[in-house]
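Please read the following report alongside the sequence and the model. It moves from the overall fold to the nonpolar cores, the two long-range helical elements and the charged pairs.

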Amino acid sequence: MGLSPQITNLIIILGMMQVSKKINFDDPNVLNLCRAFYITSNLIILSIYIYIKLVVDKKKDMTTLKYVEPAPMGSSEEGKLVTTTVHAYDVGQLKSAMRSQGMGILMMAVMHLYMKYTNPLVIQSIIPLKGALESNLIKIHIWGQPAVGDLKRPFKAAAGLMSGLQGGAAQADKKAVETAERAGRGGVKEE
């Protein structure tokens, strides 16, 4: 059994922090090289996501997918039943990943251009690329792993530091779906 992604991320971050201390960011050539590395990393991630979108659209898996979406944190209401297709679910997950990557780029732009931080350029060139290559959609559509176990849709939320505070994972088991259907919570098919 390998190390969890969170542990490997921590190892990479700690290692790259040590490496970035030794990089001479005062040299404009070195700084521009780090910027180019960061931009190239993000272009690779974007091209991976575009390729995944093409593969998902080509497969166009219209298998119906029903699951109960957890209620928002702090809410007393129960989860909402979601009826969608595998294609629509994958496209939604891909849009979410692209939006997350865009927010990361914006935060890095503010930190680097406005606050003049340079060390995160190195770390943020590696961690998002690693995360993209380890994502469930990549595992299914590029690496060809079957959509069973942890890769079964709806995907389980990645365990993190704040996962205990969130509403929990979406429930796709038959009992939870039937309970939500009987309660009349949602169920409108998203197109």
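The paragraphs below describe the predicted model, beginning with its overall make-up.

## Overall make-up

The protein has 191 residues, of which 30% count as buried. Its secondary structure comes to six helices and three strands, and these elements follow one another along the sequence in the pattern α-α-β-β-α-α-α-α-β. Among contacts with a sequence separation of 6 or more, 67% are made by residues 24 or more positions apart. The accessible surface comes to about 12,400 Å², and carbon and sulfur atoms account for 63% of that surface.

## Nonpolar cores

The largest nonpolar core holds 18 residues, and within this core Ile48, Tyr49 and Ile52 touch the most other members. Two or more residues come from each of α2 (28–59), β1 (64–69), α3 (86–114), α4 (119–133) and α5 (136–141), with α2 giving the most, namely five residues. Leaving aside residues up to four places away in sequence, Tyr49 touches Leu94, Ala97, Met98, Gln101 and Ala132. A second core, separate from the largest one, consists of ten residues, among them Tyr38, Leu121, Val122 and Ile127.

## Helix α2

Helix α2 has 32 residues, which at 1.5 Å a residue should span 46 Å, and the distance of 46 Å between its end C-alpha atoms agrees with that expectation. At the start of α2, a side-chain oxygen of Asp27 comes to within 3.1 Å of the backbone nitrogen of Asn29. The helix is followed by Lys60, whose phi is positive, near 45°.

The buried residues of α2 are Leu31, Cys34, Tyr38, Ser41, Asn42, Ile45, Ile48, Tyr49, Ile52, Val55 and Val56. The elements that cover these buried residues include α3, α4 and α5. The list thus takes in Ile48, Tyr49 and Ile52, the residues that touch the most other members of the largest core, and also Tyr38, which is one of the members of the second core.

## Helix α3

Helix α3 can be treated in the same way: its 29 residues should span 42 Å at 1.5 Å a residue, and its end C-alpha atoms lie 41 Å apart, which agrees. After α3 comes Lys116, which has a positive phi near 65°. The buried residues of this helix are Val86, His87, Tyr89, Asp90, Val91, Leu94, Gln101, Met108 and His112, and they pack against α2, β1, β2 (80–85), α4 and α5. Two of the buried residues of α3, Leu94 and Gln101, are also among the residues that Tyr49 touches.

## Salt bridges

How many salt bridges does the structure hold? There are three, and they are set out below with their nitrogen-to-oxygen distances.

| Acidic residue | Basic residue | N to O distance |
|---|---|---|
| Asp57 | Lys53 | 2.7 Å |
| Asp90 | Arg153 | 2.7 Å |
| Glu134 | Lys130 | 3.0 Å |

Asp57 and Lys53 both belong to helix α2, and because they are four residues apart in it, about one helical turn separates them. With a relative accessibility of 30%, Asp57 counts as partly exposed, and Lys53, at 32%, likewise counts as partly exposed.

Asp90 and Arg153, by contrast, link distant parts of the chain, since Asp90 lies in helix α3 while Arg153 lies in the loop between α5 and α6 (174–183), 63 residues apart. Are these two partners buried or exposed? Both Asp90 and Arg153 are buried; for Arg153 the relative accessibility is 11%, and the residue therefore falls under the 20% limit for being buried. The side chains of Arg153 and Asp90 are also joined by a polar contact of 2.7 Å.

In the remaining pair, Glu134 is partly exposed, with a relative accessible area of 30%, whereas Lys130 counts as buried at 13% relative accessibility. The side chains of Glu134 and Lys130 meet at 3.0 Å, N to O.

## Drawing the parts together

Helix α2 is the element that gives the most residues to the largest core, and α3, α4 and α5 are among the elements covering its buried residues. Helix α3 also gives two or more residues to that core, and its buried residue Asp90 forms a salt bridge with Arg153, which is found in the loop between α5 and α6.

Note on methods
Residues are numbered from 1 along each chain as its sequence is written. This is a predicted model: local features need pLDDT of at least 70, side-chain atom pairs count only at pLDDT 80 or more; totals for chains, interfaces and linings use all residues. Side-chain values use heavy atoms; hydrogens and water are left out. A nonpolar core is a set of buried Ala, Val, Leu, Ile, Met, Phe, Trp, Tyr and Cys residues joined through side-chain atoms within 4.5 Å. Buried means under 20% relative accessible area, exposed over 50%, partly exposed in between (1.4 Å probe, protein chains only). Contact means heavy atoms within 4.5 Å. A salt bridge is a side-chain nitrogen of Lys or Arg within 4 Å of a carboxyl oxygen of Asp or Glu. The expected span of a helix is 1.5 Å times one less than its number of residues. A polar contact is a pair of N or O atoms within 3.5 Å; within protein, one must be able to donate a hydrogen and the other to accept it, and residues adjacent in sequence count only if both atoms are side-chain atoms. Accessible areas come from the Shrake-Rupley method with a 1.4 Å probe; for residues, only the protein chains shown count as cover.
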